[in-house]
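Thanks for making time this morning. I would like to walk through one chain with you, so please have the sequence and the model open while I talk.

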Amino acid sequence: MADEILKNNEILPNEVGFVSDLKAIVYTAKAKAYQAADLYNVASNWLVGRRIVEQEQHGEARAQYGKHVIEIASLALTKEFGKGYSIANLKNFRKFYLTFKYLQIGQTLSAQSADIQVSK
């Protein structure tokens with residue numbers, strides 16, 4: 001029976017609303033997934049930038065000249081995760097953090113929920 005329906009490739013008038021609803025569900029879910037991925041990507045970049053600044057400065061107001069923090073980070077992250085962690089990108093992450101360092105981007109939600117579960 002299902003094969004017959006699929007062979008005809010016809011959607012009956014009373015099924016149009018059903019199919020439309022299914023498409024809307026999938027489109028909405030995909031859009032929300034992309035938004036969430038973008039949000040976590042921004043948070044990750046900010047946190048990477050923060051960690052680079054922390055490593056460079058060791059609590060000082062300015063970084064020490066001649067440190068190769070970004071180069072080391074680029075090599076390690078590119079080896080582990082592939083493209084996206086070039087020296088230029090990591091310098092941009094660092095600049096992003098320095099520009100918006102007063103944002104309150106803390107732990108990721110998954111890390112926060114893990115802390116909550118441990119404390120129960």
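Let me begin with helix α2, which has 42 residues and reaches 61 Å from its first C-alpha to its last, and that span is close to the 62 Å expected at 1.5 Å a residue. Please keep in mind throughout that this is a predicted model, and that the values I quote are computed from it.

The helix runs over residues 16-57, and after its end comes H58, whose phi is positive, near 45°.

Now, which residues of α2 are buried? They are A43, N45, W46, L47, G49, I52, V53, E56 and Q57, and what covers them includes α3, residues 69-81, together with α4, residues 87-99. An α-helix has 3.6 residues a turn, so residues three or four places apart point the same way. With that in mind, you can follow the buried positions of α2, among them L47 and I52, on the model in front of you.

Elsewhere on the surface there is a nonpolar patch of about 390 Å², made by F18, L22, I25 and V26. Of these, V26 lies in α2, and V26 counts as partly exposed because its relative accessibility is 43%, where the partly exposed class runs between the 20% limit for buried and the 50% limit for exposed.

Turning to the interior, the largest nonpolar core has seven residues, namely I52, V69, I70, A73, Y85, L90 and F93. Both α3 and α4 supply at least two residues of this core, and the largest share, three residues, comes from α3.

What does I70 touch, once we leave aside its neighbours within four places in sequence? I70 is in contact with I52, E56, I87, L90, K91 and R94. Two of the partners in that list, I52 and L90, are themselves members of the core, while I52 and E56 also appear among the buried residues of α2.

Finally, let me step back to the whole chain, which has five helices and zero strands and, read along the sequence, follows the pattern α-α-α-α-α. Buried residues make up 14% of its 120 residues, and the accessible surface comes to about 10,000 Å², of which 59% belongs to carbon and sulfur atoms. If we take the contacts between residues at least 6 apart in sequence, 49% of them join residues at least 24 apart.

That is where I will stop, and I am happy to take questions.

Note on methods. Residues numbered from 1 in each chain as written. Predicted model: local features only at pLDDT ≥ 70, side-chain atom pairs only at ≥ 80, totals over all residues. Heavy atoms only, no water. Patch = residues over 30% accessible without salt bridge, like charges linked within 9 Å, V, L, I, M, F, W, Y side chains within 5 Å. Areas by Shrake-Rupley, 256 points an atom, 1.4 Å probe, with all protein chains shown as cover. Salt bridge = Lys/Arg side-chain N within 4 Å of Asp/Glu carboxyl O. Helix = DSSP H or I, 4+ residues; strand = E, 2+ residues; numbered from the N terminus. Buried < 20%, exposed > 50% of the residue type's maximum accessible area, 1.4 Å probe, protein only. Expected span 1.5 Å × (residues − 1). Contact = heavy atoms within 4.5 Å. Core = buried A, V, L, I, M, F, W, Y, C linked by side-chain atoms within 4.5 Å.
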